[in-house]
Amino acid sequence: MTQEELFKVLVAHCKEYGYIFPSSEIYDGLAAVYDYGQLGVELKNNIKQYWWQAMTRLNENIVGIDAAIFMHPKTWVASGHVAAFNDPLIDNKDSKKRYRADVLIEDYLSKIEDKINKEVEKGRKKFGESFDEQKFRETNPNVLREKAHYEQVHNRYVAAEQANDLAEYKQIILDCGIVCPLSGTKNWTDVRQFNLMFSTQFGSTGDDTSTVYLRPETAQGIFVDYINVQKTGRMKIPFGIAQIGKAFRNEVVARQFIFRMREFEQMEMEFFVRPGTEMEWFRNWKENRMKWHVNLGMGEENYRFHDHEKLAHYANAATDIEFRFPFGFKELEGIHSRTDFDLGNHQKLSGKKLQYFDPETNDSYVPYCVETSIGVDRMFLAVLSNSYKVETLENGETRTLLSLPAPLAPVKAAVLPLVKKDGLPEFAQKVMNELKYDFNCQYDEKDSIGKRYRRQDAIGTPFCITIDHESLNDNCVTVRERDTMAQTRVPVAELRALIDSKVNLTNLLRNL
Ligand code: GAP
């Protein structure tokens with residue numbers, strides 16, 4: 001199966017098992033908007049808990065808030081979003097389809113990279129054991145030609161991005177012969193800027209209405225509440241404010257399922273520091289956040305940092321944590337050193353002092369800020385795509401498996417009476433009652449035990465607990481472990497501790 005096919009299967013799997021549905025599907029859905037189903041919401045909540053507790057419980061100097069989605073319109077002037085939260089757009093005149101000019105160029109660059117990698121693979125096959133990849137990359141004429149072309153386009157692209165040169169974007173597209181995937185033509189319009197914020201009217205009568213925006217990031221709620229939290233919480237610098245909440249962007253290229261949505265959720269933490277110490281904290285948070293990811297056990301090799309060449313107007317350092325999604329390494333989380341840009345601008349525009357008196361240095365300043373920002377939905381996709389597997393069993397049958405990190409799994413244990421009679425369902429209900437206060441459990445008595453195991457594998461349940469006739473005599477049950485399918489006989493009295501040792505979020509947090 002190609003990665004593209006695998007991704008399609010994953011999307012179908014999400015729908016089939018109640019993880020994710022297209023929004024308002026009975027009306028044919030709404031582009032780039034999705035609903036989380038009965039299992040999706042559990043996984044999403046577990047991801048949020050892992051983040052929230054890692055931030056606010058493990059760090060005494062980080063507290064959480066929940067700010068409103070609507071904010072005073074001046075917020076977005078101060079943050080720079082009204083003036084600069086734009087995407088460069090281009091239309092194909094034949095297909096009437098709209099694209100992000102930067103994405104067209106980036107896709108073109110990825111294709112060159114693919115060509116180089118294919119060439120390397122050809123070399124590997126040809127030379128076998130004696131293949132020296134580095135030497136091949138440095139000497140093979142085809143690779144060198146493609147590399148030179150990549151660098152030339154890439155350099156022009158970075159320069160155009162830095163200068164915000166829309167005409168140059170178009171010229172690169174024309175020079176590279178990039179065609180519309182639909183019409184196949186190069187009949188492009190000029191490139192123009194498009195603001196990504198959704199706006200709506202606030203107030204009901206003519207005089208008191210004003211245009212407000214649905215927040216495009218949760219961070220600004222933290223900045224405008226900074227002084228309230230600092231004073232009421234008696235917070236001393238360095239300290240952080242964390243928040244989880246919805247954000248909205250009118251994305252032009254809304255694709256790849258929940259990777260890029262128009263309504264999504266962010267987990268953001270703004271860490272306020274003394275000016276001049278921000279680089280140290282930036283490095284610190286880079287390391288801290290990577291540890292949080294790797295701790296989930298989804299493979300260290302699936303993450304990498306990508307330092308930004310072009311810095312946003314507010315940042316003096318920025319990096320992405322990229323994850324190996326089915327469509328390649330892509331941004332999962334951003335870590336930005338935002339200087340005093342946000343607090344400084346809010347101070348100017350509101351006329352309210354947002355300074356901190358530092359008793360250690362005996363002076364007042366607008367704090368600098370290091371931000372960590374991750375999309376809940378993107379994290380969800382990372383977890384899900386990494387966990388989805390189709391395995392061939394010894395008997396030749398296949399099983400579909402979600403090997404989710406156990407503390408994130410929506411259902412921790414399934415309680416399954418072997419048959420629907422002889423007192424087994426009643427025994428199983430007692431087991432359910434014993435476990436349900438600690439874990440999200442599912443009771444299932446329908447179909448053969450094999451089918452029920454498959455169903456639980458497909459939704460990622462770490463444990464299946466089977467009650468058989470022997471259970472009535474020895475008060476023991478069979479516990480089947482999801483990934484290994486190993487079965488052990490366990491006394492009912494020991495079930496709680498056994499499940500807890502694997503699924504408890506606290507154990508995951510202790511490893512951080
Ligand atoms: N406050 C900084 C900020 O919002 P960003 O890089 O634009 O920075 C941070 O977004 C994270 O939010 C991204 O790394 C990604 O995980 C998530 N994100 C951004 N746009 C998204 C979208 N349209 N759909 C889903 N997640 C998105």
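In the predicted model, helix H12 lies across five strands, namely S9 (239-248), S10, S12 (317-325), S13 (328-339) and S16. The helix runs at about 35° to S12.

The strands crossed by H12 belong to an open sheet of seven strands with mixed pairing, ordered S3-S9-S10-S16-S13-S12-S11. The edges are occupied by S3 (62-65) and S11 (303-307); each has a single partner strand, so one side of each is left without a neighbour in the sheet. From one strand to the next, the twist averages 25°. Within this sheet, S10 (residues 263-273) and S16 (residues 368-375) are antiparallel and are paired over eight bridges. Phenylalanine 272 is placed opposite cysteine 369 of S16.

Helix H12 (residues 376-387) also packs against helix H1 (residues 3-16), the two axes coming within 11 Å and crossing at roughly 110°. An angle of 65 to 115 degrees counts as roughly perpendicular, and H1 and H12 are therefore assigned to that class. On the H1 side the contact is formed by Phe7, Leu10 and Cys14, and on the H12 side by Leu381, Leu384 and Ser385. Five of the residues in this contact are nonpolar and one is polar, with no charged residues.

A further antiparallel pair is formed by strand S17 (residues 388-392) and strand S18 (residues 398-402), joined by five bridges. Glutamate 391 stands opposite arginine 399, the latter in S18. The two strands form a hairpin with five residues between them, in which glycine 396 adopts a positive phi near 90°.

Terms used: Residues numbered from 1 in each chain as written. Predicted model: local features only at pLDDT ≥ 70, side-chain atom pairs only at ≥ 80, totals over all residues. Heavy atoms only, no water. Axes fitted to C-alpha atoms, helices over the stretch in contact; angles between N-to-C directions. Helix = DSSP H or I, 4+ residues; strand = E, 2+ residues; numbered from the N terminus. Parallel < 35°, antiparallel > 145°, perpendicular 65-115°, else oblique. Contact = heavy atoms within 4.5 Å. Nonpolar A, V, L, I, M, F, W, Y, C, P; charged D, E, K, R; others polar. Pairing = 2+ DSSP bridges.
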